[in-house]
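I opened a fresh page for this one and kept my notes short. Have a look at the structure first, then read along.

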There are 2 protein chains.
Amino acid sequence: MPNQTYTISELASEFGVTTRAIRFYEEKGLVQPLREGQRRVYTTADRVRIKLILRGKRIGMTLQESVEVIDLYDPLRNNTEQLLSLINTISGRQARLLQQKDDIDDMLTGLSEVLGLCEKALGKRQKKISAIPKK
Amino acid sequence: MPNQTYTISELASEFGVTTRAIRFYEEKGLVQPLREGQRRVYTTADRVRIKLILRGKRIGMTLQESVEVIDLYDPLRNNTEQLLSLINTISGRQARLLQQKDDIDDMLTGLSEVLGLCEKALGKRQKKISAIPKK
DNA sequence: CCTTCCGTTTACGTTAACGTAATTGTTTGA
DNA sequence: TCAAACAATTACGTTAACGTAAACGGAAGG
């Protein structure tokens, strides 16, 4: 049943974004939902694209970069030169992603250290650590 | 010899950013270099801050977020409530970073698959793959 | 002395990614 | 039938993170 469709607000609430944002993505050509009269109708393919776009955003990519990455998947080239160029593009992306992982690991290491200090400083008086309500 | 100092253009070229960017960081209070007359003089501490800010940027953090993370390190709190709050903040950051790592891994997996297809499609005619000059 | 090379300040411009109305349908349940 | 809920279009506003240009100052070298 991948023939399911979605309304804009369904997708918006599923992904935790506004309908404005999704329409904006359409303005930018990132998705092209069908229409049922006036209303937009999103296919599962559209849904996946939006999901990938948001994944890109989470790691700091621009919308354009996200679509570039997404577009690496589809009409698989046959021309040799294009293939070589594609390989190059992919390698570049991979390198950046690995750099990002390193950055994240460094930051995680630092945070763990601070966390350790906190708990140590706290352990002198407390045994139970109750979570603080978010916000 | 951590008493070294740097000019703005030294740091700019070392980090591959413009002097304008570094001055902008100062405007935003992210660094506070000394002055030698009119000229800005950066200490190694300033240099580290800038480095951390740029690390944050690479993984999609805003400048504000970067300083927030940096500021988690310094005047280690003693108040219990503040410590608990700090632990919470750190936990939140860690969660986000782990999410980012997952996103990156997913993307890397996808890219590797496409890369595999490329090389397979290419292997039928080519043995040597010469790198394409950048841009 | 003059030019060239940093560096500084001030200030307006720009791009991305939406937010925020305002106005106008359309459908649907009471 | 009529208001409430959801959707669409149009258009101006906003924030972050600089870019770019103008105008000026010191110093170093030929």
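**DNA strand C**

I began with the phosphates: in this predicted model, a phosphate oxygen of DNA strand C sits 3.3 Å from an N or O atom in the side chain of Thr7(B). I count a polar contact as a pair of N or O atoms within 3.5 Å; within protein, one must be able to donate a hydrogen and the other to accept it, and residues adjacent in sequence count only if both atoms are side-chain atoms. For Ser9(B), I found an N or O atom of the side chain 2.3 Å from a phosphate oxygen of DNA strand C. I then looked at the bases, where a base oxygen of the strand is 3.0 Å from a side-chain N or O atom of Arg20(A).

Next I listed the elements that give two or more residues to the surface near DNA strand C: α2 (19-27) of chain A, and α1 (8-15), α2 (19-27) and β3 (39-43) of chain B. My helices (H or I, at least four residues) and strands (E, at least two) are DSSP runs, numbered from the N terminus. The largest share, four residues, comes from α2(A).

I noted 18 residues around DNA strand C, and Thr18(A), Tyr25(A), Leu63(A), Ser9(B) and Arg40(B) come nearest. "Near" here asks for a heavy atom of the residue within 4 Å of the strand. By class, I have five nonpolar, five polar and eight charged residues. Ala, Val, Leu, Ile, Met, Phe, Trp, Tyr, Cys and Pro count as nonpolar, Asp, Glu, Lys and Arg as charged, and the others, Gly among them, as polar. Of the atoms of DNA strand C within 4 Å of the protein, sugar or phosphate holds 69%, and bases hold the rest.

**DNA strand D**

I turned to the other strand and found 18 residues around DNA strand D, the closest being Ser9(A), Arg40(A), Thr18(B), Tyr25(B) and Leu63(B). Sugar and phosphate make up 70% of the atoms of DNA strand D that come within 4 Å of the protein.

I looked up three phosphate contacts here. Thr7(A) has a side-chain N or O atom 3.3 Å from a phosphate oxygen of DNA strand D. Arg35(A) places a polar side-chain atom 3.2 Å from a phosphate oxygen of that strand. Leu63(B) uses its backbone, with an N or O atom 2.8 Å from a phosphate oxygen.

Which element gives the most to the surface near DNA strand D? I found α2(B), with four residues. The residues of this surface divide into five nonpolar, five polar and eight charged.

**The two chains**

I superposed chain B on chain A by a rotation of 180° with 0.0 Å of shift along its axis, and the RMSD is 0.1 Å. The fit is by least squares on the C-alpha atoms of residues with pLDDT of at least 70 in both copies. The two copies are therefore related as by a two-fold rotation axis. In chain B, I found the C-alpha of Gly60(B) nearest the axis, 1.8 Å from it.

**Bookkeeping**

Residues are numbered from 1 along each chain as its sequence is written, and chains are lettered from A and ligands numbered from 1 in the order in which they are written. Local features need pLDDT of at least 70 and side-chain atom pairs pLDDT 80 or more, while totals for chains, interfaces and linings use all residues, and side-chain values use heavy atoms, with hydrogens and water left out.
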